[in-house]
Structure formats: C-alpha cells, structure tokens
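Grab your viewer and a cup of coffee. Here are some exercises to try on the model before you read the solutions.

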Amino acid sequence: MNGGEARLDALATLAGRVSAASATQPLVQVGGTVTQVTPAFCCVSGLSPFVKLGDRVSLAAGDRVQLGEVIRLDETRVTIKTFDEPIAAGLGAKAWRSGPAVINPDPSWKGHIFNALGAPLGDGSAVLHHGDRPVYPDRGAPAPLRRQRITTPLKTGVRVVDLFTPICFGQRIGIFSGSGIGKSTLLAMLARAKGFDTVVIALVGERGREVREFLEDTLGNNRERVIAVVSTGDESPMMRRLAPKTATCIAEYFRDRGEKVLLIVDSITRFAHAAREVALAAGEPPVARGYTPSVFSNLPNLLERSGPGEEGAGSITGIYSVLVDGDDHNDPIADSIRGTLDGHIVLDRAIADQARYPAVNVLSSISRLSQHAWTPEQRNLVSKLRAMIARFEDTRDLRLMGGYRGGADAELDKAIEIVPRLFEALKQSPRDVASTDAFQEVARALQT
C-alpha cells in the first residue's frame, strides 16, 4: 500500500468512527428556549426543525441538567416530558437536543440492578463495562418469516403450570390477576426456572419496599445470571413507561448473542398506565376507560419484541404480569394483552380465599403452545382432569345444599373423590422444592 492509499484508508476509518459517534452524540448542539412550564410538561421553542418524537432533550435547571423526551412536535415548539419530576427548568431556560435514546449492554451487567435509563443502582464499587454495540429501547420486532419455530418445552418447576399450561422456550405468556392474589409470588417461582442463560426482570411501578425483598429473598443465589431494571411507583410515568422497553432491549442484546433469555415484566399494566399519562400530556384524546389510541399500539409493539429470535439467534421467553383492575378480566388493557400473547394464566381470588396457592384457575387458563409440551397421553389426561374439575365446580352449590346423593352420577362421584386430592397435590409455595415431573408427582399423590 502506497502513501496515498494509506491516507485514504485512514480517512475512511476516521469518517466511520465520526459517523458512529455522531449517531449517539451530536457533533453540534442544537438549542432552544423554554417558553411554557406546566406540572405535566414543558414547551421549548427553536428545536422543532431538529428533533423527532422520542429524542432526548436536556434542560438547564439551575446548577443541574434535567433530561426529558420529545412527546409532541408543533411547527413552532416541541413538548417535553421530563424523566424526573417536578420540572425544575423555568421560563427562558436553555434546552438542547441530546440525540436518540440508546444504551450499551454488556455481559458484565449480569448480577446488577439498573434504572429505566440504564444507569446502575446499588453497589457503586462494581466495575460495569459498556458494550461496543448500542441498542435502542424502541427497537422493532424481528421479521415474522425469519423467526425460529417454537418447539422446545420448558419445565418451570411449578406443578400447576407444567401440568395445565405448559410453557415452551420463546413463548410469551401472561399472568392475569387482581391485587393481592399471589401474582408476584408466582412470578418469583417462575424466575427460578432452569435452562436459561440470562434472566432479565423489569419491576415497573412496584413498591420500593418490595424490590430488595424480591431480588434478595426470592432469587437468592441465582442473582449472578439476573439483570434487574427497576422503576418504583413513586417515579415519573416517563420512567415507568421506559423500564419495560429498557429491559426488553437488554434481553434482545443477549438473545442476539445466542442465549436463552427469560424476560419477566411486573407489571405490564403499569406500563400501560404510564403510557396513558404521557399520551394525555401530549394531547391525545381518551377513547376507552381513559386510555388513548397510542396505548393500544404500544402494547403489541413491546410484546412482539420478545419470543423466538431469527435463525441462528437465541430466544426470549416472556412472562408478563397483568394487574386486572377491579378483578375485571375483560377491561380494555387485559383484553388487548390476552389477544397478543401465546397464552394466559388466570389467578382467581376465590381460589386464594381457600388458601390454595398458586391460585390458578385451570379452567380459565390456556397455553397456545401446549401441543409441543404434551405427549398424546398427557393431552388426554389433562382433558379428563379439566372435565372433572369443571363438573366438580359446576355442582358445588348443589352439593353444599344437600341436593345431590352419592351414587346418582358415577362421573360426578369420581370427580368428588379425585378433584379435592388433585387440588391438594397442586399446592406449592416458594419454599417448596421445585417440581421435576409434574405428571409423576400428581399421579403419586392421587394414588395415596
């Protein structure tokens, strides 16, 4: 290579590095001025030609800088909602474009906790590296025709799940529950499932007291493979809306490395609540119980990103908790999520009142990929058990009133004998040893 070719090669390398750097950090700062401040948002003039929806904007707030995001664009001004509240910038404060949202995950992140912006929380002495490949919280889902098929069953260690709603690697399933029925406890039991290289947990809108309990007591010694993204209930709706996206893009990073990833989001409903608050601040009209149209497009956009990766990549098994408002399983958010996922596990308050945990209503729960986990014999057995449970529950009031006498219906007599023992066999707590073969364990319990 002569001197001229060497210079051209060096210039090309430099241009590539400059281009890569400018994608995340603009070379020239574009500024504007705050012209309106409200409790929910602020407006900035002078930035409209230079920003897009979703871009980050920094606001000068006294001796510190407050970070926000563009949620609406007008010809003369942009609407900004900050990631922390209240808004500290005043009228006339300077604002400048900070570029698109981006984080740089790295394998050294395993075992650590982050906020929704990807900043580490907790142990400040830990050395965390930033990866050389940026990922974006608003990344799209893989192309449908390039995704792998889902065929490999997963043993969760929870008997009632492995028996009636089996899950496969790469499946997305929701846990639908009212408050106080054991949703978080069941999620904690599922988080211990074997066979995953990485576990990514998003705690969205949770009580601050519960975060440390969940991570230390529930996960215990398994934390070395866990990455947690936390946004507590007292944080701004911007942080609660961003946390599941950040967790999902971290899971995508490890999936693209060929790993099997378990993604747990608790709860996706609080993401919808936060997205509603942001959309209302942007001026969207409410259309269904106060939810705006963009909420119903944001949900499938987020949920479709998990699942099997493209050929040669790994998979993301997604487990999403859905907090059902007022125990109404047909509210707009629950209905939209149920139609998007590959199955749903319904927790019933009446079952919890009987102290049967996990309080899973097996008649209302379904896994759309169970055919890959059951053998033909197991499928027939589960169908018979479901029929017995349905017969047992349908006649509960009649039997309590003394309106049925044994011997009148052989099938009902069989259900009365077997179903209570089945319910007892399905009881399980986080302190119990994880199940290894749900069918064999339940069979042994029914024979005693």
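Below are five exercises, each followed by a worked solution.

Some ground rules: this is a predicted model, where local features need pLDDT of at least 70, side-chain atom pairs count only at pLDDT 80 or more, and totals for chains, interfaces and linings use all residues. Residues are numbered from 1 along each chain as its sequence is written, and side-chain values use heavy atoms, with hydrogens and water left out.

**Exercise 1. Get the overall layout of the protein chain.**

Step 1: count elements. The protein chain has 13 helices and 18 strands; these are DSSP runs numbered from the N terminus (helices are H or I with at least four residues, strands are E with at least two).

Step 2: box it. Along the principal axes, the C-alpha atoms fill roughly 90 × 60 × 45 Å.

Step 3: check burial. Of the 448 residues, 49% are buried (buried is under 20% relative accessible area, exposed over 50%, partly exposed in between, with a 1.4 Å probe and protein chains only).

Step 4: look at contacts (heavy atoms within 4.5 Å). Among those with a separation of 6 or more, 72% come from residues 24 or more positions apart.

**Exercise 2. Work out how H6 sits against H7.**

Step 1: H6 covers residues 268-281 and H7 covers residues 293-303; they pack at about 135 degrees with axes 10 Å apart. Axes are lines fitted to C-alpha atoms, for helices over the stretch in contact, and angles run from 0 to 180 degrees between N-to-C directions.

Step 2: classify the angle. H6 and H7 are therefore oblique (under 35 degrees is roughly parallel, over 145 roughly antiparallel, 65 to 115 roughly perpendicular, the rest oblique).

Step 3: list the contact. H6 brings Ile 268, Phe 271, Ala 272, Ala 275, Arg 276 and Ala 279, while H7 brings Ser 294, Val 295, Asn 298, Leu 299, Leu 302 and Leu 303.

Step 4: sort by class. You get nine nonpolar, two polar and one charged (Ala, Val, Leu, Ile, Met, Phe, Trp, Tyr, Cys and Pro are nonpolar; Asp, Glu, Lys and Arg are charged; the others, Gly among them, are polar).

**Exercise 3. Do the same for H10 and H12.**

Step 1: H10 (residues 376-394) and H12 (residues 410-426) pack at about 100 degrees, axes 9 Å apart.

Step 2: that makes H10 and H12 roughly perpendicular.

Step 3: the contact includes Leu 385 and Phe 392 of H10 and Ile 416 and Phe 423 of H12. By class, this contact has twelve nonpolar, no polar and four charged residues.

**Exercise 4. Find out what covers H8 and what caps it.**

Step 1: in H8 (residues 332-340), seven of nine residues are buried, including Ile 333, Ile 337 and Arg 338.

Step 2: the buried residues of H8 pack against strand E11, H6, H7, strand E16 and strand E17.

Step 3: at the N-terminal end, Asp 331 is the cap, with a side-chain oxygen 3.0 Å from the backbone nitrogen of Ile 333.

**Exercise 5. Trace the surroundings of Ser 231 and Glu 206.**

Step 1: Ser 231 lies in strand E13 and is buried at 0% relative accessibility. Its side chain reaches the backbone nitrogen of Arg 240 at 3.4 Å.

Step 2: Glu 206 sits in strand E12 and is buried too, at 7%.

Step 3: link them. Beyond neighbours within four places in sequence, the contacts of Glu 206 include Ser 231, Asp 266 and Arg 270. The side chains of Glu 206 and Arg 270 share a polar contact of 2.8 Å (a pair of N or O atoms within 3.5 Å; within protein, one must be able to donate a hydrogen and the other to accept it, and residues adjacent in sequence count only if both atoms are side-chain atoms).
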